[in-house]
Amino acid sequence: MTTTLAYQEHLPAAPEWLNKGDNAWQLTAATLVGLQSMPGLVILYASIVKKKWAVNSAFMALYAFAAVLLCWVLVCYRMAFGEKLFPFWGKGAPALGQKFLTKRAIVPETIHRFDNGTVESPAEEPFYPMASLVYFQFTFAAITLILLAGSVLGRMNIKAWMAFVPLWLIFSYTVGAFSLWGGGFLYQWGVIDYSGGYVIHLSSGIAGLTAAYWVGPRLKSDRERFPPNNVLLMLAGAGLLWMGWSGFNGGAPYAANLTSSVAVLNTNICAATSLLVWTTLDVIFFGKPSVIGAVQGMMTGLVCITPGAGLVQSWAAIVMGISSGSIPWVTMMILHKKSTLLQKVDDTLGVFHTHAVAGLLGGLLTGLFAEPVLCRLLLPVSNSRGAFYGGDGGMQLVKQLVAAMFVIGWNLVSTTIILLFIRLFIPLRMPDEQLEIGDDAVHGEEAYALWGDGERYDPTRHGSLHPSNSAVSPYVNGARGVTINL
């Protein structure tokens, strides 16, 4: 059969190893994951916080997205997916030259061998260029830092955050990524982390809680009352997050194949189930459904399915959704209020519950429900399966638990050391004077041209086209503004 013109070898931009379908899907999936952060989490963070912190919260996410990309291509990609330096870390080097970026993608250390040294499965070598893989994995690294930011919104010194992002990326994220995805010791041992339940969510949740402890709490007034400033816009950000998760889990197999299709379906099933369970619990215990609660339930469902999205059957995705809609609800709504330690640590958006608890839950449930046939389609270790399917499945559950302990321990230690180092040069928490004012004090900008929360409009400070025709509104309980005489 004659090869189509698009795949003839004399076309220099389409070498014989390039699969245009896989490449198109990988770039699409990467863009979907990128949209989860920019603008998804930028919008969600700006909307879910108190009005005076809208700009600062959005900027922390925006800065992290940009800073991670530069660090990623300069050194971090190859620390996470390059040649082995240590069993848990790769050799750092730039991913910038055309010779590197235009060659066929490969994750060199993912070759897996039997105990006798013979090859059990070859290294992962997708049918597209390195540039596609570098960009795809960047979007995962970026969203991890942005999720972590949710724990310290509303009080972390922006300069300390700017220093923290590259340091945590280098010394924490790349370790987890190499160990579990890049061919490190947990990958070689057969631990399953399909698309980041441990690498992204467990690590961001634990690191976020640790950072919240060292940065310190918000003002007492902010902790007691922290209403979202725009619920509808918050839902828009949440919607981008949900829809973008199809790229998150659908792109993990590095191909447009059977596994990616199963993963996308399971992702949406689990998220929907979890949202409904969380909402049901809100109605049962509080008498009314909460929009913020529904978003939290959506998030825990998306996180929980991530470690095994393409490796479990869809009935298992429903079970995982029921678990993720209930267990994190209990830890957030009940255990958190009874725990002295959790009460002391000001985790602004509850990232510990929505990501660490849900990510750990997903990893363990994957160790229980990973289906042998689906595992055979993707995993490097023969006969991988969850405990539910007998055989060596019980050992798989043990592996999942041990890997979780490593990720938790590494993030506790590395995040603590990084923040204590930064504290030598930059205060981690804003001064109380800035915390009282918020965005205007930190950035000289405010989110809305509206006045509320008790502020008076000051035309000499903020400017007015016709100050002589302006009058302070007499409504003392509502938003104060200007009345224009037309």
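**Exercise 1. What does the accessible surface of the chain come to, and what percentage of it belongs to carbon and sulfur atoms?**

Before solving, note that this is a predicted model, in which local features need pLDDT of at least 70 and side-chain atom pairs count only at pLDDT 80 or more, while totals for chains, interfaces and linings use all residues. Residues are numbered from 1 along each chain as its sequence is written, and side-chain values use heavy atoms, with hydrogens and water left out.

Solution. The accessible surface, computed by the Shrake-Rupley method with a 1.4 Å probe, comes to about 20900 Å² for the chain. Of this surface, 66% belongs to carbon and sulfur atoms.

**Exercise 2. Describe the overall build of the chain, from secondary structure to dimensions.**

Solution. Start with the secondary structure, which comes to 19 helices and 4 strands, where helices (H or I, at least four residues) and strands (E, at least two) are DSSP runs numbered from the N terminus. The radius of gyration, taken over C-alpha atoms, is 24 Å, close to the 23 Å that the globule rule gives for 486 residues, so the chain is as compact as a globular protein of that length. That rule is 2.2 Å times the number of residues to the power 0.38. Next, the C-alpha trace spans about 80 × 55 × 50 Å along its principal axes. Finally, 54% of the 486 residues count as buried, a term that means under 20% relative accessible area with a 1.4 Å probe, protein chains only.

**Exercise 3. Locate the annotated domain and describe its span.**

Solution. An unreviewed UniProt entry carries the annotation "domain: Ammonium transporter AmtB-like" for residues 24-448; such annotations may be inferred rather than shown by experiment. In the model, the span of residues 24-448 is 68% helix and 2% strand, and its end C-alpha atoms lie 39 Å apart.

**Exercise 4. Describe the surroundings of Thr-331 and Ala-58.**

Solution. First place Thr-331, which belongs to helix 12 (residues 314-338) and is buried, with a relative accessible area of 13%. Leaving aside neighbours within four places in sequence, Thr-331 is in contact (heavy atoms within 4.5 Å) with His-336, His-353 and Val-357.

Then turn to Ala-58, found in helix 2 (residues 54-81), which counts as buried at 14% relative accessibility. Not counting residues up to four places away in sequence, Ala-58 touches Val-42 and Ala-46. As a last step, the C-alpha atoms of Ala-58 and Gly-244 are separated by 18 Å, the two residues being 186 residues apart along the chain.

Conventions: Buried < 20%, exposed > 50% of the residue type's maximum accessible area, 1.4 Å probe, protein only.
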